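Please explain this structure to a reader who has not seen it before. Which features are worth following through the chain?

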Amino acid sequence: MAPDKMLAVHFDKPGGPENLYVKEVAKPSPGEGEVLLKVAASALNRADLLQRQGQYSPPPGASNILGLEASGHVAELGPGCQGHWKIGDAAMALLPGGGQAQYVTVPEGLLMPIPEGLTLPQAAAIPEAWLTAFQLLHCVGGVREGETVLIHAGTGGVGTAAIQLTRLFNAIPLVTTSSKENIQLAERLGAAAGFDYKKEDFSEGALKATQGVGVNVILDCIGGSYWEKNLHCLAADGRWVLYGLMGGAEVSGPLLSKLLWKRGSLRASLLRSRDRKYKETLVKTFTEQVLAHFSPGSAVQLQPVVDKVFTMAEIQKAHARMEANQNVGKIILEMP
C-alpha cells in the first residue's frame with residue numbers, strides 16, 4: 001500500500017451491516033493543533049449503526065468514516081501542537097468520526113493517556129462511552145452523593161460505565177437490562193438492583209428499591225416507549241436525562257402534566273455534536289477526576305467492560321452483534 005493510503009471501514013450506500021467493507025482510502029494529515037494517531041483499536045457505538053443506516057450524519061467538518069473513539073500511538077504532530085505528546089506515545093481519543101481506520105487525526109486536547117495496566121483494546125472502550133456517561137451524570141444530571149440513579153440499557157457500553165461512575169460519585173445505581181445474567185454482571189459492577197425489562201415493570205421495581213420515594217436521576221437512551229414508566233418512578237424534583245431514542249421518538253399522552261406534577265426536569269444531551277472547546281474541557285475534567293481510578297491500587301477501581309473483539313475484516317459481524325443487542329459492554333474493532 002502507498003504511504004499516503006490506509007485501510008478504513010466503508011459503505012457506499014445506507015443499509016444493513018452487509019453494506020460494510022474495508023476500503024483503501026487517503027491517509028489524513030494532521031492540521032493545526034492536531035495529532036495523527038496510528039490506530040490499534042476502535043469501538044462500536046450506536047451512532048455508528050445510525051450513520052450506516054443513513055439516520056445520523058457526522059458533524060460539519062468531521063470525517064465520514066465511522067468510529068467515535070480509538071486507541072493507538074502518536075504517529076505525527078501537526079503544526080502548532082502545544083501539549084506534551086511525543087511521537088510513539090500511547091493514547092486514546094474522543095472523535096467526531098474517523099476511528100475505524102488505520103490512522104485518524106485528533107485535536108491534541110481530545111487525547112488522553114492510557115491508564116496503567118490497560119491494553120490498547122481495553123483503552124478503546126473508554127473515550128466515547130465513559131465521557132458520555134460522565135457528561136450525563138456530572139454535567140447534565142448533576143448527580144449528588146446519596147442520590148439514586150436509574151440507568152437504562154445498564155449492561156451496554158455507556159451503561160456499564162455509568163454504574164461505576166455513579167458509585168464513584170457516592171450515589172446508588174439501579175439498572176434495566178434483559179436477563180438474569182446481565183443483572184448479575186451489573187450488580188458485580190456496583191448496581192444496587194437490576195430489573196429485567198422484558199419480564200417486569202422496572203418502574204415498580206425502582207419504587208420498591210427506593211421505599212416509594214423514586215429515583216433522583218434517570219439516564220435514558222430509550223425515549224418514547226419508556227416515558228410513562230420513567231415518570232411513574234421519578235422522584236419529586238428528579239432529573240430525566242435523555243440521550244437516545246432506541247424506543248422511538250413519539251409520545252402520546254399527558255407527559256407534561258405528569259412532569260409538572262413531579263416538578264421534574266427533562267434534559268436532553270448529545271456528545272458528538274458538541275463543539276471542540278466543550279469536548280476539550282470535558283476530556284480535561286475527566287482526565288483529572290476519573291482517569292487515575294482505572295489504574296491498579298485506586299480506592300474505587302474502574303474497569304472498561306469489553307464484550308468481544310473483532311478484526312477490521314469482521315466489521316459486518318460486529319455491527320450485526322450490536323444491532324441484535326447481543327453485546328454486554330463494548331464491541332472492539334482491532335486494526336490490521
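The paragraphs below discuss a strand, a group of aromatic rings, two charges over rings and a buried acidic residue.

The model is a predicted one. A convenient place to begin is strand β15, which spans residues 330–334. Four of its five residues are buried, so strand β15 is largely enclosed by the rest of the structure. Two strands that pair with β15 can be named. Strand β14 (residues 306–311) pairs with β15 in the parallel sense, over five bridges; within this pairing, Val306 has Lys330 as its bridge partner. Strand β3 (residues 34–43) pairs with β15 in the antiparallel sense, over three bridges, and here Ala43 has Ile332 as its bridge partner.

The aromatic rings come next. A pair of aromatic rings is described by the distance of the centres and the angle of the planes. The count of aromatic pairs in this model comes to three. In one of them, Phe134 and Phe169, the ring centres are 6.2 Å apart and the planes stand at 50°, so the pair is tilted, since only planes over 60 degrees apart count as edge-to-face and those under 30 as stacked. This pair links distant parts of the chain: Phe134 belongs to helix α3 (residues 127–140), while Phe169 is in the loop between α4 (157–168) and β9 (172–177), 35 residues apart. Phe134 counts as buried because its relative accessibility is 0%. Phe169, at 17%, also counts as buried, because the limit is under 20%.

Phe134 takes part in another pair, with Phe286. Their ring centres lie 5.6 Å apart and their planes are at 75°, so this pair is edge-to-face. Because Phe134 is in helix α3 and Phe286 is in helix α9 (residues 276–289), the pair ties together parts that are 152 residues apart in sequence. Phe286 is buried, with a relative accessible area of 0%. Through these ring pairs, Phe134, Phe169 and Phe286 are linked into a cluster.

Rings also meet charged side chains in this model. Lys27 lies over the face of Tyr103, 4.3 Å from the ring centre. Arg274 lies over the face of Tyr278, at 4.2 Å from the ring centre.

The last stop is Glu108, in the loop between β6 (103–107) and β7 (111–113). Glu108 is buried yet has no salt bridge. The nearest side chain of opposite charge, that of Arg276, is 6.6 Å away, whereas a salt bridge requires a distance within 4 Å. Leaving aside residues up to four places away in sequence, Glu108 touches Gly33, Glu34, Val35, Gly80, Cys81, Gln82, Gly83 and Trp85.

Terms used:
Residues numbered from 1 in each chain as written. Predicted model: local features only at pLDDT ≥ 70, side-chain atom pairs only at ≥ 80, totals over all residues. Heavy atoms only, no water. Buried < 20%, exposed > 50% of the residue type's maximum accessible area, 1.4 Å probe, protein only. Lys, Arg positive; Asp, Glu negative; His and termini not counted. Contact = heavy atoms within 4.5 Å. Phe/Tyr/Trp six-rings, centres within 6.5 Å; stacked < 30°, edge-to-face > 60°. Lys NZ or Arg CZ within 6 Å of the ring centre and 35° of its normal. Pairing = 2+ DSSP bridges.
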